[in-house]
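Here is a guided walk through one protein model. Keep the viewer open and turn it as you read.

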Amino acid sequence: MPEQPPYLRIADELRQRIAEHVWEPGDRLPSRAQIGQEYGVGENVVRRAQELLISQGVLEGRAGSGTYVAESRQRARMVRSSARERPDGSPFRADMKAVARQGDWESRAEAKVPAPADIAARLGITEDDLCVRTTYEFLADGRPVQLSTSWEPYYLTAGTLVVLPEGGPHVGAGVVNRMAAIGVTVSHAVEQPEPRQATAEEASLLGIQKAALVTYIRRTYYSDQGRPVETADIVVPAAYCEIVYEIPINP
């Protein structure tokens, strides 16, 4: 059986100390040099162990201050389901309300943005065709808990009241309801979730450690004619939120 990597052993040791209340929530850990000396490993090994525990929500890093035992917090549950499309409100706000948090978001939209190759492929258009790109920061009690970048083909909504997802009379209505307003029926969505580490930009926006674990979701909405009408890249920090899928069962 392969020997356990040193950083995993140190992570287990630190986790055990927290479980035994040697360190309590809010306590600052000794320096990496001190921990490394105690366990006979280098500072890089300790750093990797701490980064792992930060990604799991056990520790938290504070810029210029050190590493601390994370305060216990209830992870927000984000439900992914077609049944969550709501004509009268936001599924995100409903999810936040379920865990006694105030849900809100900030957005910035840009029209006539040329589609990069990967987005064009997902939308079934030609590279550099014009799109409406909207970036979102979703907030729970004012704290960022989800990022999203949405792309819609410009030709589909140009000249209509729904050309900007967060503008006009259908602001905040969501893709399904906005498309219905211009006669486009959205029949289904496809989501591809995968775990990965946060980029430096994502970590900065979400207030998490660089390379912390996130769930990345690539989502695309399709019309009843099989045409992609919107695609988005969604990033959710694993330490703050859990992703749950509801699967409707038709009898």
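## Checking two helices

How far should the 13 residues of helix α3 (residues 43–55) span at 1.5 Å a residue, and what distance apart are its end C-alpha atoms? The expected span is 18 Å, and the end C-alpha atoms are 18 Å apart, which agrees. Bear in mind that you're looking at a predicted model. Inside α3, the buried residues are Val46, Ala49, Gln50, Leu53, Ile54 and Ser55. Their cover includes the helices α1 (6–19) and α2 (32–39), along with strands β1 (59–62), β2 (66–69) and β8. Just after α3 comes Gly57, with a positive phi near 80°.

Now try the sum on α1: its 14 residues should span 20 Å at 1.5 Å a residue, and the end C-alpha atoms are 20 Å apart, so the two agree. Buried in α1 are Tyr7, Ile10, Ala11, Leu14, Arg17 and Ile18. These residues cover an arc of only 125° around the axis, so they sit on the same side of α1. Among the elements covering them are α2, α3, β1 and β2. His21 follows α1, and its phi is positive too, near 65°.

## The six-stranded sheet

Next, find the open sheet: six strands in the order β4-β5-β6-β9-β8-β7, with antiparallel pairing. Which strands stand at the edges? They are β4 (103–114) and β7 (186–197); each has a single partner strand, so one side of each is left without a neighbour in the sheet. From one strand to the next, the twist averages 15°.

Look at the β7 end. There, β7 pairs with β8 (residues 213–223) in the antiparallel sense, over 11 bridges. Arg196 stands opposite Val214 of β8. Over at β4, helix α4 (residues 91–98) lies across β4, β5 (130–140) and β6 (143–153), and runs at about 155° to β4.

## A serine in β8

Ser223 is found in strand β8. Is it buried or exposed? Its relative accessibility is 2%, so Ser223 counts as buried. Setting aside neighbours within four places in sequence, Ser223 is in contact with Val184, Thr185, Val186, Ser187 and Val229.

## Two nonpolar cores

The largest nonpolar core has 26 residues, and those touching the most other members are Met78, Phe92, Met96, Val145, Ile208, Val235 and Cys241. At least two residues each come from β3 (76–80), α4, β5, β6, α8 (200–206), β8 and β9 (228–237). The largest share, four residues, is supplied by β9.

Ile208 is a handy one to click on. Leaving aside neighbours within four places in sequence, Ile208 is in contact with Ala198, Ala203, Val214, Pro237 and Tyr240. Apart from this core lies another, of 15 residues, including Ala11, Ile35, Leu53 and Val69. You've met two of these already: Ala11 is among the buried residues of α1, and Leu53 is among those of α3.

## Two unusual backbone angles

Most residues other than glycine have a negative phi. Against that background, Lys112 is worth a look: its phi is positive, near 60°, and it isn't a glycine. Lys112 is placed in strand β4.

Asp128 also has a positive phi, about 80°, without being a glycine. Where does Asp128 lie? Asp128 is in the loop between α5 (117–123) and β5. With a relative accessible area of 52%, Asp128 is exposed.

Technical notes:
Residues numbered from 1 in each chain as written. Predicted model: local features only at pLDDT ≥ 70, side-chain atom pairs only at ≥ 80, totals over all residues. Heavy atoms only, no water. Pairing = 2+ DSSP bridges. Axes fitted to C-alpha atoms, helices over the stretch in contact; angles between N-to-C directions. Contact = heavy atoms within 4.5 Å. Expected span 1.5 Å × (residues − 1). Buried < 20%, exposed > 50% of the residue type's maximum accessible area, 1.4 Å probe, protein only. Core = buried A, V, L, I, M, F, W, Y, C linked by side-chain atoms within 4.5 Å. Arc of directions from axis to C-beta.
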